[in-house]
Amino acid sequence: MATTADVRHALARLADPRRAQASSRFLQMVPGGYGEGDTAIGVSVPEQRRVAARYWRDLSLADAAKLLTSGVHEERLTSLLILVRKFTRADETERGQIVDVVLANTGHINNWDLVDSSAPYIVGPWLIDKDRSVLDRLAGSSLVWDRRIAVMATFAFIRAGDFDWTFRLAERLLRDPHDLIHKAVGWMLREVGNRDRVAEEEFLARHYRVMPRVMLRYAIEKFDPQRRGEYLAGVA
């Protein structure tokens, strides 16, 4: 059986100090940044995916959960990549256990890349045919990462042609103070529009005038230039 020490050693061998500096800036692990206090060692995401592919079968769920509490960013992301692989191949009981691990550790899923690599592939798929009230709880959290998890989880519903919760959370978070939520909501609205432009524009017709600018820009990114201009000018 593999252990957390094995995964950490594999990542440490791939560490690159120059990439670590770039990652720290990109993910705002700097004073005053949303990732302040985090530590990067400089392992690329493709390399982390290869480590996850190597160890996911042999690393226990308990050890994956332990790795998720690491102070090293790449160790947490690799843990989530392992959990995604486990989830997609697990039975219903183990899937529920994996979801429990994720929801119990949202304080450690504390950057946008961590959220976006896990919520649409674990939390969302789990809730496809279940009570989704946990998303309301997450959307009401003071923790920005909880709110982003709620929004990004709806990607799984969108892929299934179900847009109701995306619209529900988008409406609730229209006045959220954080730009990472504006971007996530706009992105999910764009994904709705990729599948059903009429449904997206019906939502925009009700709300675009009060949307944060970045949310609107993300939502209409795929529109033709004239239509984008109409929305941005407030005359759509």
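In which helix is Asp-136 found? In this predicted model, Asp-136 belongs to helix H9, which spans residues 133-139. The residue is buried, with a relative accessible area of 19%. That value sits under the 20% cut-off for a buried residue. Beyond its neighbours within four places in sequence, Asp-136 is in contact with Trp-165, Arg-168, Leu-169 and Arg-172. Lys-183 lies 47 residues from Asp-136 along the chain. The C-alpha atoms of these two residues are separated by 19 Å.

The overall fold was examined next. The secondary structure of the chain consists of 15 helices and zero strands. A compact globule of 236 residues would have a radius of gyration near 18 Å. The chain has 19 Å, which agrees with that expectation. Along the principal axes, the C-alpha atoms fill a box of roughly 60 × 40 × 30 Å. Of the 236 residues, 53% count as buried. Contacts with a separation of 6 or more were also considered. Residues 24 or more positions apart account for 70% of these contacts.

The surface and the charges complete this overview. The chain exposes about 10800 Å². Carbon and sulfur atoms supply 49% of that area. There are 35 positive and 32 negative side chains. The centres of the two sets lie 4 Å apart.

Two helices in the N-terminal part of the numbering show how burial is arranged. In H1, which covers residues 4-13, the buried residues include Thr-4, Val-7, Ala-10 and Leu-11. Seen down the axis of H1, its buried residues fall within an arc of 130°, so they line one face of the helix. An α-helix has 3.6 residues a turn, so residues three or four places apart point the same way. The buried residues of H1 pack against H3, H5 and helix H4, the last of these at residues 61-67.

Helix H3 runs over residues 45-55. Its buried residues are Glu-47, Gln-48, Val-51, Ala-52 and Tyr-55. Down the axis of H3, the buried residues fall within an arc of 145°, so here too they line one face of the helix. Their cover includes H1, helix H2 (17-26) and helix H5 (73-89). H1 and H3 are thus linked from both sides: H3 is among the helices against which the buried residues of H1 pack, and H1 is among the elements that cover the buried residues of H3.

Two further buried positions were examined individually. Val-99 is found in helix H6, residues 92-104. This valine is buried, with a relative accessible area of 4%. Leaving aside neighbours within four places in sequence, Val-99 is in contact with Phe-87, Ile-122 and Trp-126. Of these partners, Phe-87 falls within the residue range of H5. Ala-119 is 20 residues from Val-99 along the chain, and their C-alpha atoms are separated by 9.6 Å.

Glu-191 has its place in helix H12, residues 179-195. This acidic residue counts among the negative side chains. Glu-191 is nevertheless buried, with a relative accessible area of 12%. With neighbours within four places in sequence set aside, its contacts are Phe-155 and Ile-158.

Definitions and conventions:
Residues are numbered from 1 along each chain as its sequence is written. This is a predicted model: local features need pLDDT of at least 70, side-chain atom pairs count only at pLDDT 80 or more; totals for chains, interfaces and linings use all residues. Side-chain values use heavy atoms; hydrogens and water are left out. Buried means under 20% relative accessible area, exposed over 50%, partly exposed in between (1.4 Å probe, protein chains only). Helices (H or I, at least four residues) and strands (E, at least two) are DSSP runs, numbered from the N terminus. The arc is that of the directions from the helix axis to the C-beta atoms. Contact means heavy atoms within 4.5 Å. The radius of gyration is taken over C-alpha atoms; the globule rule is 2.2 Å times the number of residues to the power 0.38. Accessible areas come from the Shrake-Rupley method with a 1.4 Å probe; for residues, only the protein chains shown count as cover. The place of a charge is taken as NZ of Lys, CZ of Arg, CG of Asp or CD of Glu.
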